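Dear colleague,

Please find below the structure that I am handing over to you, together with its sequence. My notes on the ligand site and on the backbone follow it.

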Amino acid sequence: MKQFFDEKSLKAFEGLTTPFYFYDLEVLEETLNAIKKAAADHPFKIHYAIKANANSRVLEKIKEHGLGIDTVSGEEVSCALEHGFEPKQIAFAGVGKRDDEIELGIDAGIFTFNVESLEELKVIQEIAEKKGKMVDIALRFNPNVNAKTHEYITTGLEENKFGINFWELDELFELLPKLDRLNLLGLHFHIGSQIRDLSVYKNLCNRVNQFQEIFRQRGYDLDHVNVGGGLGVNYEDPDAGMIPDFEEFFSIFKEFVKLYPGQSLHFELGRAVIAQSAALITKVLYVKKGIKTNFAIVDAGMTELIRPALYQAYHKIENISKGKEVEVEAYDVVGPICESSDCFGKRIKLPKTERGDLLAIRTTGAYGEVMSSNYNLRQNAKTIYKDEIH
Ligand code: LLP
C-alpha cells in the first residue's frame, strides 16, 4: 500500500507553521484517471462539484482532465469562469438563487440553470425576457429516495427543501409552455452526500426512468439527465480506500438508467474526486488528563475542519511524529475553540502523544478548507502541496 506521507514530507513538516492542509495532487490525478476509465464508452458527462474544494491547483487539474463544473452560487460560477472553464461546462443548481446570480449565469451563457421551484422558473423567465435572451434549463426534481446517509446531507426526501416535488407536476406542465424564454434541456436529481450503500442509486435510477417516461409522454425530447453526486469515500481506512469504487458506481447507472437515443447522463461528483487528496496537519499543544480520558489539545479546530462538530463525522487521526510504537493510549483530540463540540474524535487510540507531536486528520480534501471560518478571529490554515516541498 502506498503511504500518504513519505519521509521527505514528514521531514519538511517539522519546519512548517501549523495547522495546514497538505495536498497530494498525484492522488487527485489517479482519482481522475479512475473516473475517466470507469465512465469511458458511455455517454456520460462528469461535472466536478466545486463546493467540495475550489483551490486553484485542484481546479487546474480538474480542467486538464476535461470535467465540467457543478455550482450552487454565483460566486462559484464566477470562480469556474475565472479558472478557464467554458460557460457551457457549468451547471448551476441551488434552491435560493438571487436575481443577480441568475443575471450572471444568463450573461455568461452557462450550460443550465438547474431550477428548483416553480417560482424560480417564473423569475428566470422574467429576467430572460428583460434581457431578450433564451435560457437553457434543467428541472431539479425531488425524487423522494432515501440516500441512507446523515440527515444533514440528505437532500432527496420530500421533507427536504430541494427540487420540485412530484405533486407539482400538473401545475408544472401547465406552466412550461408559457415560459417561452426557457429551453428545457434536462432533468436533474441529487439525493445526498457520503452515500456508502450504493443500492440507493438503483432506487434513484427507477425514479429517473419514471420521470423520463412522464416527460416523453408529454412530448418533451430531453438532451440529458443529471443524477447528481454523492458517492461516499472511505473515512475509516483511507489508505485502503484511496480511490473510490467508480466502476461499481457507474455500473449501476449503466445497468438501470434507460437513456433514449442522443441523450447523455450527467454526474456531479465532489467528495469522491478530492476527499482523499488532503490531510489536515495539526500540532499537539497540550496533553491534559480528564476524568475519563486524556485530552490531546491541538492547534486546529472546528474553524479549520467543521465536519466532526457539524455532522459527528469520523476522520481518521494519526500521530505522524511517532512511529509504530507499541504503547497506545486513548485520547479525545480537541481543538482550542470555546465550544465543546470542537472535538475531532473521542477515545482515539494513538501512540503515547506529547506536546509538539504532529497529528494528521485524514480525508479532508472535500468540505474541509472550503468550510473554514474565522470564528474566534482565527486566521485560515495554509495550503501546502506535496510537490512544493519535494
Ligand atoms: N450536486 C449537488 C446539487 C449538490 O448539492 C452536491 C453536494 C453535490 C452535487 C456533490 O455531492 P458529493 O459528490 O460531494 O457528495 N458539507 C457536507 C456535504 C454537503 C454536500 C452538499 N451538496 C459534508 O461535509 O459532508
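A residue is counted as near a molecule if one of its heavy atoms lies within 4 Å of that molecule. Please bear in mind that this is a predicted model.

The ligand is surrounded by 17 residues, and the closest are Ser193, Glu268, Arg307, Tyr311 and Tyr367. Sorted by class, this shell comprises six nonpolar, five polar and six charged residues.

Which elements give two or more residues to the shell around the ligand? They are β9 (264–269) and α11 (307–311). As to where the ligand is placed, it sits in the largest pocket. Both domain 1 (26–274) and domain 2 (276–389) supply residues to the shell, so the ligand lies between the two domains.

Three polar contacts to the ligand deserve your attention. The first two to examine involve nitrogen atoms of the ligand: a polar side-chain atom of Glu268 lies 2.6 Å from a nitrogen atom of the ligand, and an N or O atom in the side chain of Tyr311 is 2.8 Å from a nitrogen atom of the ligand. At Gly270 the contact is made through the backbone, where a polar atom lies 2.9 Å from an oxygen atom of the ligand. How much of the ligand does the protein bury? On its own the ligand exposes 590 Å², and 92% of that is buried by the protein.

Away from these contacts, two points of backbone geometry should be recorded. Thr18 and Pro19 are joined by a cis peptide bond, with omega at about -5°. Pro19 belongs to the loop that runs between α1 (7–13) and β1 (20–23). The second point concerns Asp41, which has a positive phi of about 65° although this residue is not a glycine. Asp41 is located in the loop between α2 (25–39) and β2 (44–49).

Yours sincerely

Note on methods:
Residues numbered from 1 in each chain as written. Predicted model: local features only at pLDDT ≥ 70, side-chain atom pairs only at ≥ 80, totals over all residues. Heavy atoms only, no water. Polar contact = N/O pair within 3.5 Å; in protein donor to acceptor, adjacent residues only side chain to side chain. Areas by Shrake-Rupley, 256 points an atom, 1.4 Å probe, with all protein chains shown as cover. 1 Å grid on protein atoms, 1.4 Å probe; cavity = no way out; pocket = protein on both sides within 12 Å on 5 of 7 lines; lining within 4 Å. Sits in = over half its atoms within 2 Å of the grid points. Helix = DSSP H or I, 4+ residues; strand = E, 2+ residues; numbered from the N terminus. Nonpolar A, V, L, I, M, F, W, Y, C, P; charged D, E, K, R; others polar. Domains from an automatic or database assignment.
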